[in-house]
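Visitor: I am new to protein structures, and I would like to learn where the labels come from. Could you walk me through a few of them?

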Amino acid sequence: MSLKSYDTIIIGGGAAGFAAASFSDKRSRVLIIERNGEPMKKLAITGKGRCNLTNNCDTETILKNITKNPQFMLSSLAAFSAKDTMSFFEELGVLLKTERGGRVFPASDKSYDIVNTLKNYALKQCGVEIVTDRARELIVENAVIKGVKCYNGVYNAPKVIIATGGMSYPNTGSTGDGYQLAAKAGHTITPIAPALVPLETKEDFSDIAGLTLKNVRLSLRQGIKTIFAEQGELLFTHFGVSGPLVLTASCYINQPITDDCRLSIDLKPALEEKTLDNRILRDFSANKNRQLKNALNALLPEKLIDIFVKRSGIKPEKKVNEITKTERRRLLELFKGFELTVTASRPIDEAVITDGGVSVKEINPKTMESRVVKGLHFAGEVIDVMGLTGGFNLQIAFSTAYAAAKSSHVNY
């Protein structure tokens, strides 16, 4: 086995790992240990291959979009903000653009412009080395980091940054190695669960799989408490529901999912109940002799009508001029609260990010240094911090990488 010495070793060649390498002191010897032959595979597929690298907003807004341990991020975001992320890439020659909701993308819409820029800067301009290997364990003596044992070599360093990601998208290399390394070193790993993930439902929507509902309002309840409510877009699937609203809602679910977990879709959020009732009456008046199943086309997507009518309990063939006030009330309630029972999250390999990770109680928020092992640092998704979609999770990766890197170089 080969044995080499460095100033800083970074375990993981993803966004956080390469950012940490780029932010490290250029006079120091830095090594990235990456188990894949192709680094930053997950970064390449983010934003549907366009790479939503941050959000063009202030730090207060970013903190509001971090659903897990936002206070932990105060110091690192103050040191390296979304504006700093944008400036970093622009100074390296990447043209950026801001889209709906403050989402920032490369102007080319090509994620590889971000991937290649970050890789070339770290490896060519900063002189960072990279080796294809897998970390087996950390070398720790008297609660001080000394290096990393890999399958093909041993690498010594007084500073080590774990930036291995979580467990989502395992085919990109995120298989939970960082959790195991940290746990062996004495760290607490909070329960791991999928987040920003589609949800399975008790109700069968396979007949309408692929149907997208736009401008609906989705509410999430666990027990009697509503823990999420937002307007946007969702998608019916063969297993349940997906789409932007559902992915966001999944971040608020308390795991494990219990029998009292419900989603409620307001199909007409722009209309108050009285206004909607008048609209239904108007439509029925214009279609007096039509059967109910043929009189809802102006209010619902065609694919949803059969399920909607069946759920109302009203016979589909009943003529609308025979609909009672009580039955109309039932239709109104269904329009404003089309309920689904959540039975499970989809598997973690379908999740955008991982909920859980190295406990923030055991990490210094200013330096990302372990409070358990001196010289050990963390960056990115391996930490128990989680944000919503919109570039917030990559900003977490960049800010924590900056904090870890700036505290991980040798003093000259």
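Visitor: What makes β10 and β11 a pair of strands?

Guide: Welcome! Please keep in mind that this is a predicted model. Two strands pair if there are at least two bridges between them. Strand β10 (residues 144-150) and strand β11 (residues 153-156) are joined by three bridges, so they count as paired. They run antiparallel, and a hairpin of two residues connects β10 to β11. One bridge to look for is the one between V148 and Y155, the latter in β11.

Visitor: How many helices and strands does the chain have?

Guide: The chain comes to twelve helices and 22 strands. Its C-alpha atoms fill a box of roughly 85 × 40 × 35 Å along the principal axes. Of the 412 residues in the chain, 53% are buried.

Visitor: Why is P256 called exposed?

Guide: Exposed means over 50% relative accessible area. P256 has 66%, so the label fits. You will find P256 in the loop between α8 (244-250) and β18 (261-266). For a sense of distance, P256 and T59 are 197 residues apart in sequence and 31 Å apart in space, C-alpha to C-alpha.

Visitor: How do you know that R50 and D109 form a salt bridge?

Guide: Side chains of opposite charge can pair when their charged atoms come close. The rule asks for a side-chain nitrogen of Lys or Arg within 4 Å of a carboxyl oxygen of Asp or Glu. In R50 and D109 the closest N and O atoms are 3.0 Å apart, so the pair passes. The pair links distant parts of the chain, 59 residues apart: R50 lies in the loop between α2 (41-49) and β4 (54-55), and D109 in the loop between β7 (103-106) and α6 (111-125). R50 and D109 also belong to a network of salt bridges together with K97 and E99. By this rule the count comes to 21 salt bridges.

Visitor: Why are R50 and D109 called partly exposed?

Guide: That label covers values between the buried limit, under 20%, and the exposed limit, over 50%. R50 has a relative accessible area of 23%, and D109 has 29%, so both are partly exposed.

Visitor: What makes R346 and E200 a salt bridge, and is R346 buried or exposed?

Guide: The closest N and O atoms of R346 and E200 are 2.9 Å apart, and the limit is 4 Å, so this is a salt bridge. This pair links distant parts of the chain, with R346 in the loop between β19 (338-345) and β20 (353-358), and E200 in strand β14 (residues 199-201), 146 residues apart. R346 has 16% relative accessibility, which is under 20%, so R346 counts as buried.

Visitor: Why do E327 and K318 get different labels?

Guide: E327 has a relative accessible area of 12%, under the 20% limit, so E327 is buried. K318 has 21%, so K318 counts as partly exposed. The two form a salt bridge, with their closest N and O atoms 2.9 Å apart.

Visitor: Where is there a patch of negative charge on the surface?

Guide: Look for D204, D207, E302 and D306, which gather in that patch. D306 is in helix α10 (residues 302-312).

Visitor: Why is D306 called exposed?

Guide: D306 has 58% relative accessibility, and exposed means over 50%, so the label follows.

Key. Residues numbered from 1 in each chain as written. Predicted model: local features only at pLDDT ≥ 70, side-chain atom pairs only at ≥ 80, totals over all residues. Heavy atoms only, no water. Patch = residues over 30% accessible without salt bridge, like charges linked within 9 Å, V, L, I, M, F, W, Y side chains within 5 Å. Areas by Shrake-Rupley, 256 points an atom, 1.4 Å probe, with all protein chains shown as cover. Lys, Arg positive; Asp, Glu negative; His and termini not counted. Charge placed at Lys NZ, Arg CZ, Asp CG, Glu CD. Helix = DSSP H or I, 4+ residues; strand = E, 2+ residues; numbered from the N terminus. Buried < 20%, exposed > 50% of the residue type's maximum accessible area, 1.4 Å probe, protein only.
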